[in-house]
Amino acid sequence: MGKKPGKKKQPALVRGTLEITRSGMGYVIVEGRDNDLLIRPHDFNKAMDGDTVRVKVKDTRSGKHVEGVIEEVLERKHTEFIGNILVSESFAFFTPDNQKALPDFYVSLKNLNGAKNNDRVVVKFLGWEKGAKKPEGEVVTILKGKDAGDLAMKEILIQNGFPLEFSKEVLTEAQSLNGTIDEKKFLKRKDYRDVLTFTIDPADAKDFDDALSIKKLDDHEYEIGVHIADVSHFVTDGSALDKEAYSRATSVYLPDRVDPMLPEKISNELCSLRPNEDKFTFSVLFKINSKGKVKDYWIGKTFIHSDHRFNYDEVQQIIESKQGLYSEEILLINSLARIFRKERFKNGAINFSSTEIKFKLDESGKPIDIIVKESKESHQLVEEFMLLANRTVASHVSKIKIGKDPVPFPYRVHDTPDEEKLKPFVAFARKFGYKFDMKNEEETAKSFNQLMIDVHGKPEQHVLEQLGIRTMAKAAYTTTNIGHYGLGFKDYCHFTSPIRRYPDIMVHRVLHEILENSIHPDKKMEQKCVHCSQKERNAMEAERAGNKYKQVEFMMDKVGEEMEGVISGVSSFGFWVETVNEKCEGLVSIKDLVEYDDFRHDDEQYALAGIRTGKKFRMGDKVNVKLVAANLEKRQLDFDWIPGIGSLKQKAVSSKKNKKLKKSKK
């Protein structure tokens, strides 16, 4: 008897992210898969660049790529697009700016919302009907920026998937909320309004989402409270506000504006822990002795009344002068924060420092100065107590089980360094005389910290800090609790900033269910974590682009000037230089170095090396450059390298002279 015919194997369905190249070809990136899936344009099935899609894998192979067909769009990366509107008598078409093969949108006249022919607009994606050749959209904003800079910031937000405005439905829902506290209605909340409480924030902040309280228990023991705005009290699961907050997932901080996750009514009024106002909070109360030992903690919902609003500079002044309003309490809290910080690094946290800048803007939003942000003790004081609260909440939740399973929870995790990235860095650090012990994760962390101490103030500090950071994995949200390597914590989450981060709202909701002993596991928690991690990356891209624009704008009147810099990156087409005074980065093209030598990229040395002269341009090297171009549209600075005394230029000249002398002798 012959074998019975088996069932035909069904093509595999996989989930991934579509990336469309400028040529119009698509690739779906699937986690855990070595090669991307090739998607031909006729197989996009209404998917657009950046969308999360479900793909049917074909047997067909094109080169090293297996082909696929998009079966379904699971999540749109962008729902709003910038471009121009063309209006006719009966309908309109919208052409997006994006070069990634985006289709034109059909816009009905009722959805123009005041837009006229050739207006620059933001169009919201409404849907793509089956059988329709084009998606349908609605004009939500007519872009009439006050100036080029204003328009550029708006475009950066839209390009990274962040809407400029809230819908009428969301704003109406926010306006209907009431922050009045009725003690009889909220009997389960602990009343902390008579305990000394204050906030510490940047001078220009409006959304104060965390406060600290202090109560003396006896001569050697204190109760320190970390109080966080109870956003989930107002933003209820499934509401219009909640859907909008989840879609954005984070506030975006550009040099001249904040694009908030929640409307101003929530972020700056109802939930902001403003002084002399009663507020709903979610709190962690710590019983701590004078030696910094946490003896006990309590987690629950509270009311607070902030007695004072400090900014960081005011607290720093109190720390340094040891006098001022609530100086005794601030000095005590700071002494505890110092102990926590010291203990944290002792237990394996990595003390990386990176340069952050902020812009001083004039009334029109143009940068007139660039200031390097400093992390002082006042910042570290707040940071240590927020870390303690985040860590305590995550540890508390990690012990809760539903049967034998952990509660689905958005942990903030940070994986161990990639060994393949670490090896060349260790070899590079060794050239400067720094040794690394890589026998286990703990010793690697200790080596990183020792390096940061040893390198401080040395010429190679900047390059080794930057390269060290690049070896690190990126932190992310996930339900799989692998710990936070960079902080040295076994359990960690984000609990302390729910006004500006959606994962914190998710944490609050799970925690509330645990405290109420009414847990409803969220089956979509991991999917939500992936979404929030992606939106965080989008926000970082927007913030980088915004900073770059303002840097180029600041440098535009400096074209032709010479300046000192440090090589901050190297590639096969040139090297990047960050200027010492302005902290602005630009490119020295390899094309502009051909008169000196033929340079090749040396991966292991993080350098460009000259074939004839042996001259090297290495990361961390100090160089002099001349600013030759500042392109606002491309957000790009171009430098020329200026050879110094005893430099390559002189070597090249003397080399030519020697050749002439040899010829004349002959």
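The following exercises, each with a worked solution, concern the domains, a pocket, the nonpolar core and selected residues of a predicted model.

Residues are numbered from 1 along each chain as its sequence is written, and side-chain values use heavy atoms, with hydrogens and water left out. Because the model is predicted, local features need pLDDT of at least 70 and side-chain atom pairs count only at pLDDT 80 or more, whereas totals for chains, interfaces and linings use all residues.

**Exercise 1. Domains**

Task: State which domains the assignment gives, and what distance separates the centres of domain 2 and domain 3.

Solution.
Step 1. The bounds come from an automatic or database domain assignment. They are domain 1 (13–75), domain 2 (80–144), domain 3 (169–217 + 230–279 + 304–379), domain 4 (401–543) and domain 5 (557–642).
Step 2. Taken over C-alpha atoms, the centres of domain 2 and domain 3 lie 39 Å apart.

**Exercise 2. The annotated segment**

Task: Identify the residues covered by the UniProt annotation "domain: S1 motif", and describe the chain over residues 560–642.

Solution.
Step 1. The annotation, from an unreviewed UniProt entry, covers residues 560–642. UniProt positions are given in the numbering used here, feature names are shortened, and annotations may be inferred rather than shown by experiment.
Step 2. Helices (H or I, at least four residues) and strands (E, at least two) are DSSP runs, numbered from the N terminus. Over residues 560–642 the content is 0% helix and 59% strand.
Step 3. The end C-alpha atoms of this segment are 12 Å apart.

**Exercise 3. The second largest pocket**

Task: Determine the volume of the second largest pocket and describe its lining by residue, element, class and domain.

Solution.
Step 1. On a 1 Å grid over the protein atoms alone, a cavity is a set of points where a 1.4 Å probe fits but cannot get out; a pocket is an open set with protein on both sides within 12 Å along at least five of seven lines. Lining residues have an atom within 4 Å of a point.
Step 2. Grid points are joined across faces, edges and corners, and a volume is the space filled by probe spheres set on the points. The second largest pocket holds about 530 Å³ of space. Its lining comprises 21 residues, of which V294, F340, E343, L388 and R391 are the closest to its centre.
Step 3. At least two lining residues come from each of β18 (294–305), α7 (327–346) and α8 (377–398). The most are given by α8, with six.
Step 4. Ala, Val, Leu, Ile, Met, Phe, Trp, Tyr, Cys and Pro count as nonpolar, Asp, Glu, Lys and Arg as charged, and the others, Gly among them, as polar. On this basis the lining has eight nonpolar, four polar and nine charged residues.
Step 5. Domain 3 and domain 4 each contribute at least three residues to the lining.

**Exercise 4. The largest nonpolar core**

Task: Find which residues of the largest nonpolar core touch the most other members, and which element gives the most to this core.

Solution.
Step 1. A nonpolar core is a set of buried Ala, Val, Leu, Ile, Met, Phe, Trp, Tyr and Cys residues joined through side-chain atoms within 4.5 Å. Buried means under 20% relative accessible area, exposed over 50%, and partly exposed in between (1.4 Å probe, protein chains only).
Step 2. Of the 80 residues in the largest core, I266, L381, F385, V393 and F495 touch the most other members. Helix α8 gives the most to this core, with nine residues.
Step 3. At least three core residues are drawn from each of domain 3 and domain 4.

**Exercise 5. Residues in helix and strand**

Task: Classify V226, A174 and V140 as buried, partly exposed or exposed.

Solution.
Step 1. V226, in strand β14 (residues 221–229), is buried because its relative accessibility is 0%.
Step 2. A174 belongs to helix α2 (residues 168–175) and is buried, since its relative accessible area is 0%.
Step 3. V140, in strand β10 (residues 136–142), counts as partly exposed because its relative accessibility is 31%.

**Exercise 6. Positive phi**

Task: Locate K322 and R635, and state the phi of each.

Solution.
Step 1. Most residues other than glycine have a negative phi.
Step 2. K322, in the loop between α6 (312–321) and α7, has a positive phi near 60°. K322 is exposed, as its relative accessible area is 58%.
Step 3. R635, in the loop between β32 (622–631) and β33 (636–642), has a positive phi of about 55°. With a relative accessible area of 26%, R635 is partly exposed.
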